[in-house]
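This report concerns charged side-chain pairs and their surroundings. The sequence and the structure are shown first.

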Amino acid sequence: MRNASRGGRAPQELWLGLVVLGMVVVLTALRPNFLSVQNVMEMMNATAFNGILVSGLLVVLIAGGIDISFAAVASVAQYAALTVANATGAGWGEIVAIAGAIGLGLGLLNGILVSTLGIASIIVTIATQSVIYGILLTVTRGQDIFTLPAWFGDGVDLFVTTDAKGNVYAISLQIWGLVLAFASAWFLLNRTRFGRQVFALGGNPEAARRVGFGTTRLNLLVYGYMGLVAGLASLVQAQYTQSVSPTALVGRELEVVAAAVLGGASLDGGHGSVLGAILGLALVVIMKNGLALLGVSSYWTDFFTGLVIVAAVAGMAARARRRWHDSPGLA
Amino acid sequence: MPDILLRTVGRTNLRLLALLAVLCLAVAPLVGDRLFAPAGLRSMAYQLPELGLLSLAMMVTLLSGGLDLSIIATANLAALAAAAVLKAAPEGAGGALLVAYEAGALLAGLGAAALVGLLNGTLIGYLRVSPILATLGTMTLVKGLAIGLTRGSVVSDFPPAILFLGSGSVFGVPTPLLLFGLVALALGILLTRTPFGVVLTLMGSNQQAVRFSGIDTRAALLRIYVLTSLVAAIAGFVMMARFNSANAAYGESYLLVTILACVLGGISPTGGFGRVGGLVLALIVLQLISTACVLLDLSQFLTLAVWGGILLSVSLIAAVRDQLRPLLAGLRAPVPRPAAPRA
């Protein structure tokens, strides 16, 4: 089973890239406005929350773990930050600090539990998800916040321009948040000592421990980072939907996991790349957007998403098996 | 602790029984005897089987070292397939014709579930996709199919014989509880007393070894995932009968809770170890907490938090004990022990 999802990195991305490119070509041919600036920006805005989480989850997956609790963490961070903003008139700096601190704190808690309990991280984070989500819903009674500060509604748009027809284009909070998230994940994984240790930990935890990496410290960093990212993503999502709902995010965890693994991140740890994660995310987003542009009823979106996931994992497995048979000395 | 007790009941189950006793003692002063009043027991007996049957489905794959995230989607698809057949029955059909349609409905549900199981089994056994990936995909696919075909709507109003599965009782025993008991018993026998059960649990401990001993692990995986789907279908029928309706999105919040229940019940999440009895005890613990929360007028969401907290506490106690074991052994070591002849 181990070898099934273990693709070499470049080929997986090449293959995914070709599929994504193919979809883009077909959709552009059928619906010329698919590649319009407006549509591309809308796709990025809509996927920002999931995308930012994918960038965080990628680090956890590479370290050989998994996190199911991030949506619950994000819900708490969102609710607390904007409740404070509404009550005290706090600004961007404060809510970013609050959401980030809550995310980081809950993430570190996951890291401590994963390191000490000696049970699989999927079990630990299912348990913490239940606890966090249960307490959040009890405290908030499941009520949404609809009135948000005006400055929050405006967002943080960069490079605002208006075209001849009067359409306004801007790099929204969602878009630059998404780009920053992937950039920092890339930097963390590829340009820091911590990143190399994360790959080593996921590739062979026992070896990493014997080499003398502090595995507890690494787990704290990995889950803490995931929590921090979830906390910040929650603000991006709240700004996009212009509301805060304690119930809207939980239940979407597996969507995020799906996007990350479509991009070739192995659930066994040690493998995965930022480019792959972006392509996995793009695959799902483009397909959903394309189906809408082609006029397919939204009731069928889940079906096609599932079809793409099943086809992709089957294809990945088939390629992994071929390599298994071709490599001498392994079979 | 007497050896015989440890061997027959098992360490995990003894711990769960202790947990159960502690819970009863802790909750009793708060809710008095309302918890075990007939009405309380009745409501528990109708609620437990839903999560229970789904957890049994999850248990089968966990034991084999896998995981099936598609059980809820499969349960709903089975219910919708059954509903479609029931709705196809001509107006005012009665007697033998209606019975035929009802039987056909259940068969259609089981058939639809078996197809999902075949797809999972093929992906996992023959294409060697990791179970979490494969079932993540089929979960989305199956749910999407159910939403697409029903346009997200609810199918309702079923004949009394179907509703009996969810709200009836036989000699005072609620039918859902009876169904749960039968499925649990059957799975218990299947897992411990049949060659297939032995292969299934061995796969969980060491799949390579099973393959090298000449067993077709691919075919075994196929059967394991079909079995899980069939159990999920029964859960789907119970949900459909209890709500008198079927929908693509029922019971979704149960998905992760089934894993929680299994792990609490001593089913090893990496496979190979665990007993049906442990899961049943864990489900009773969870149901008791849930009912106590209702009686104490606490939010139903707090129940979820307490469930997660219980799992974390149980794991924490086990982890602390493992840490302390070498220490305790060291303390104990110098004391000389007389060699007692073993009986």
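In this predicted model, a network of salt bridges links Glu206(A), Arg209(A) and Arg210(A). Glu206(A) pairs with Arg209(A), with 2.7 Å between the closest N and O atoms. Glu206(A) also pairs with Arg210(A), where the corresponding separation is 3.0 Å.

The helix places these residues about one turn apart. Glu206(A) and Arg209(A) are three residues apart in helix H9 of chain A, which spans residues 205–211, and so are separated by about one helical turn. Arg210(A) lies four residues from Glu206(A) in helix H9 of chain A, again about one turn of the helix.

As for solvent exposure, Glu206(A) is partly exposed, because its relative accessibility is 34%. Arg209(A), at 47%, is likewise partly exposed, whereas Arg210(A), at 65%, counts as exposed.

A further salt bridge occurs in chain B, between Arg242(B) and Glu50(B), with the closest N and O atoms 2.4 Å apart. This pair links distant parts of the chain: Arg242(B) belongs to helix H11 (residues 217–243) and Glu50(B) to helix H3 (residues 38–63), 192 residues apart. Arg242(B) has a relative accessible area of 32% and is therefore partly exposed. Glu50(B) is buried, because its relative accessibility is 3%.

The pairs discussed are listed below.

| Salt bridge | Closest N and O atoms |
|---|---|
| Glu206(A) with Arg209(A) | 2.7 Å |
| Glu206(A) with Arg210(A) | 3.0 Å |
| Arg242(B) with Glu50(B) | 2.4 Å |

Over all chains, the structure holds six salt bridges, including those in the table.

Notes: Residues are numbered from 1 along each chain as its sequence is written. Chains are lettered from A and ligands numbered from 1 in the order in which they are written. This is a predicted model: local features need pLDDT of at least 70, side-chain atom pairs count only at pLDDT 80 or more; totals for chains, interfaces and linings use all residues. Side-chain values use heavy atoms; hydrogens and water are left out. A salt bridge is a side-chain nitrogen of Lys or Arg within 4 Å of a carboxyl oxygen of Asp or Glu. Helices (H or I, at least four residues) and strands (E, at least two) are DSSP runs, numbered from the N terminus. Buried means under 20% relative accessible area, exposed over 50%, partly exposed in between (1.4 Å probe, protein chains only).
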